[in-house]
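Visitor: I'd like to learn how to read a model of two chains. Could we start with what joins them?

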2 protein chains.
Amino acid sequence: MREDLYPTRKSPEPSISPRRDPVIHARSLAGHPIAPNEIAFYEANGFLVLENVFDADEVAVLKAQAEAMRDGRVPAAPPTIISEPGEAGAGAVRSIFAIHQQSNAFASLCRDARLADVARFLLDDEVYIHQSRLNYKPAFRGKDFYWHSDFETWHAEDGMPRMRALSMSVMLSDNHPQSGPTMFVPKSHKSFIACVGETPVDHYKSSLKKQEYGVPDDASLRRIVDEGGLAAPAPKAGSVVIFDCNTMHGSNSNITPLERMNAFFVFNAWSNRLEEPFAAAKPRPEFIAHRDVPTPLPRSSQSRAIAS
Amino acid sequence: MREDLYPTRKSPEPSISPRRDPVIHARSLAGHPIAPNEIAFYEANGFLVLENVFDADEVAVLKAQAEAMRDGRVPAAPPTIISEPGEAGAGAVRSIFAIHQQSNAFASLCRDARLADVARFLLDDEVYIHQSRLNYKPAFRGKDFYWHSDFETWHAEDGMPRMRALSMSVMLSDNHPQSGPTMFVPKSHKSFIACVGETPVDHYKSSLKKQEYGVPDDASLRRIVDEGGLAAPAPKAGSVVIFDCNTMHGSNSNITPLERMNAFFVFNAWSNRLEEPFAAAKPRPEFIAHRDVPTPLPRSSQSRAIAS
């Protein structure tokens with residue numbers, strides 16, 4: 001039987017156990033693409049905000065592309081477009097997946113050295129895109145995203161074996177502390193919360209709108225927030241938020257007139273490619289969890305890959 | 001025909017018109033119970049935070065009472081207890097109304113000179129309680145409250161003629177910027193947004209959970225937030241937030257493990273008592289909008305009315 005370092009959705013009781021993988025996989029600081037104090041902050045807290053990574057011209061190009069895809073002027077494959085749940089939000093686009101395969105601008109963005117070199121350093125490996133998407137939090141009627149560890153889902157439903165992946169979110173609009181920004185639980189990446197309940201067949205169809213399985217229990221959430229607190233950075237457009245695959249995060253609703261938008265990429269270590277799911281009958285579709293990936297991301301020779 | 005200074009729910013198009021009543025009704029600063037700069041801030045912005053009004057012992061007494069009423073250990077009349085909407089929130093108590101009639105502690109609290117004298121000064125009149133309630137924003141599953149001007153509802157559904165009322169919210173727990181605090185639109189109290197749509201019969205039964213009529217339109221909300229911005233004070237327990245009857249406010253959901261609780265009183269000027277509703281077939285029930293009020297609130301001779 002295959003070893004499962006992070007069993008979840010198998011027991012009727014939730015549990016918290018220590019992380020069994022490093023956070024910083026690099027064995028030395030040699031060639032570090034971000035500052036040592038930034039690396040230390042990320043190691044300790046499980047997330048990091050880098051400000052002013054992309055300039056206003058680059059953001060304008062990417063934002064225009066994101067709006068064109070949202071509004072259908074640049075077509076995206078229908079299954080990759082996820083709408084807001086419920087009556088009030090009906091129709092509003094919440095996410096578009098597989099953007100690095102559907103848009104040259106986003107293909108370039110994820111190869112940009114300012115992102116990919118940081119991922120290669122932190123994961124100490126070649127990398128590829130496990131998942132990419134545009135997230136739109138609509139004004140007035142943006143719904144909440146409940147607390148989750150991405151790794152819990154990727155392990156259970158996609159078969160990602162180890163904690164050797166991270167996410168980068170490129171802000172395409174200014175965030176406001178009250179427009180439902182992503183909240184992180186600092187230090188939460190050092191514990192794995194096993195969730196209860198079996199994964200239903202085709203769970204992804206509903207979970208992308210509203211998660212019901214792989215949801216951490218109240219007592220575990222209280223415990224990690226007691227220990228680590230809550231961080232809700234509200235970075236400006238052009239900033240990048242990096243967070244570990246196991247950092248607990250979520251967001252409240254957004255009734256403000258301020259919409260927000262980001263491009264989101266999950267970098268997985270080449271050595272950590274997907275196997276069979278650890279707690280689901282069949283893997284999720286390719287557009288949500290890429291497994292048909294022939295080669296790692298090519299290294300970008302340009303320091304600035306976004307045409308402006 | 002009766003004069004209606006603030007017509008609403010009568011036209012198929014929304015509109016914004018200037019306020020036709022003063023914000024500070026007092027004609028001089030004589031005997032001012034709060035500082036002149038606080039009065040000026042309230043006049044300009046439509047809300048004001050007073051910190052450390054009640055001490056820890058007083059808060060402990062009030063909070064214990066609020067918890068006992070929420071948990072049913074101190075009984076409240078069933079119709080006055082409003083639960084959270086939807087499956088996820090089912091059962092959780094969201095509000096209890098008419099608390100000044102159901103609890104000696106809250107009857108004393110609203111007569112306390114630290115609240116009532118401020119209300120008498122700002123409204124320049126004797127005052128009475130138009131509405132009182134406990135608000136509980138549950139942890140994890142607290143839902144949003146969409147944007148509204150209280151006065152729009154009180155005028156349309158309760159028959160409050162003029163803008164000569166204000167609300168005071170006494171914080172019984174510390175607020176956190178991310179636990180779904182009440183957001184105010186500064187300066188919004190100086191405009192009246194007329195809403196569209198007729199009021200359905202017995203609208204209050206659903207509107208206390210989720211408002212569908214008396215909801216301002218997107219364009220008007222964008223306009224007032226462009227002009228005034230957003231304020232989301234997160235005061236500590238024992239603080240009091242005062243806001244004008246026409247200040248636009250609302251709150252996002254709360255997925256954090258931090259619950260919050262406040263005691264909320266609406267003081268109306270004695271000269272501004274309720275008439276027939278301006279845009280509804282019949283008035284809302286007494287426990288939501290008191291009209292059977294024989295005398296104004298008595299003046300409290302004690303400076304500290306809360307037994308601890």
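Guide: Gladly. A salt bridge is a side-chain nitrogen of Lys or Arg within 4 Å of a carboxyl oxygen of Asp or Glu. Between chain A and chain B the count is two salt bridges. In one of them, the side chains of Arg141(B) and Asp218(A) meet, N to O, at 2.4 Å.

Visitor: Before we go on, what kind of model is this, and how is it labelled?

Guide: This is a predicted model, in which local features need pLDDT of at least 70 and side-chain atom pairs count only at pLDDT 80 or more, while totals for chains, interfaces and linings use all residues. Residues are numbered from 1 along each chain as its sequence is written, chains are lettered from A and ligands numbered from 1 in the order in which they are written, and side-chain values use heavy atoms, with hydrogens and water left out.

Visitor: How many residue pairs are in polar contact between chain A and chain B?

Guide: A polar contact is a pair of N or O atoms within 3.5 Å; within protein, one must be able to donate a hydrogen and the other to accept it, and residues adjacent in sequence count only if both atoms are side-chain atoms. Between chain A and chain B there are 18 such residue pairs, both at pLDDT 80 or more.

Visitor: Which element of chain A gives the most to the side that touches chain B?

Guide: Helices (H or I, at least four residues) and strands (E, at least two) are DSSP runs, numbered from the N terminus. Helix 9 of chain A gives the most, with four residues.

Visitor: How many residues does each chain bring to the contact?

Guide: Contact means heavy atoms within 4.5 Å. Chain A brings 27 residues and chain B brings 27 residues. Buried area is the accessible area (1.4 Å probe) that two parts lose on being put together, summed over both. Here the two chains bury about 2400 Å² between them, with 56% of it on carbon and sulfur atoms. Phe140(A), Gln178(A) and Ile255(A) supply 29% of the area that chain A buries against chain B, more than any other three residues.

Visitor: Now a single helix. Which residues of helix 6 of chain B are buried?

Guide: Buried means under 20% relative accessible area, exposed over 50%, and partly exposed in between (1.4 Å probe, protein chains only). Helix 6 (residues 113-123) of chain B is mostly covered, with 10 of its 11 residues buried. Among them are Leu115(B), Val118(B) and Phe121(B), along with Arg114(B) and Arg120(B). At its N-terminal end, Asp112(B) acts as a cap, a side-chain oxygen lying 2.8 Å from the backbone nitrogen of Arg114(B). After the helix comes Asp124(B), whose phi is positive, near 50 degrees.

Visitor: What does helix 2 of chain B look like at its start and after its end?

Guide: At the start, a side-chain oxygen of Asp55(B) reaches to within 3.1 Å of the backbone nitrogen of Asp57(B). Gly72(B) follows the helix, with a positive phi near 85 degrees. Buried residues of helix 2 include Leu62(B), Ala66(B) and Met69(B).

Visitor: What does the side chain of Asp4(A) reach?

Guide: Asp4(A) is found in the segment before strand 1 (15-18) of chain A. Its side chain reaches the backbone nitrogen of Tyr6(A) at 3.0 Å. A polar contact of 2.7 Å also joins the side chains of Asp4(A) and His155(A).

Visitor: Last one: why does Ile82(B) count as buried?

Guide: Ile82(B), in strand 3 (residues 81-83) of chain B, counts as buried because its relative accessibility is 10%.
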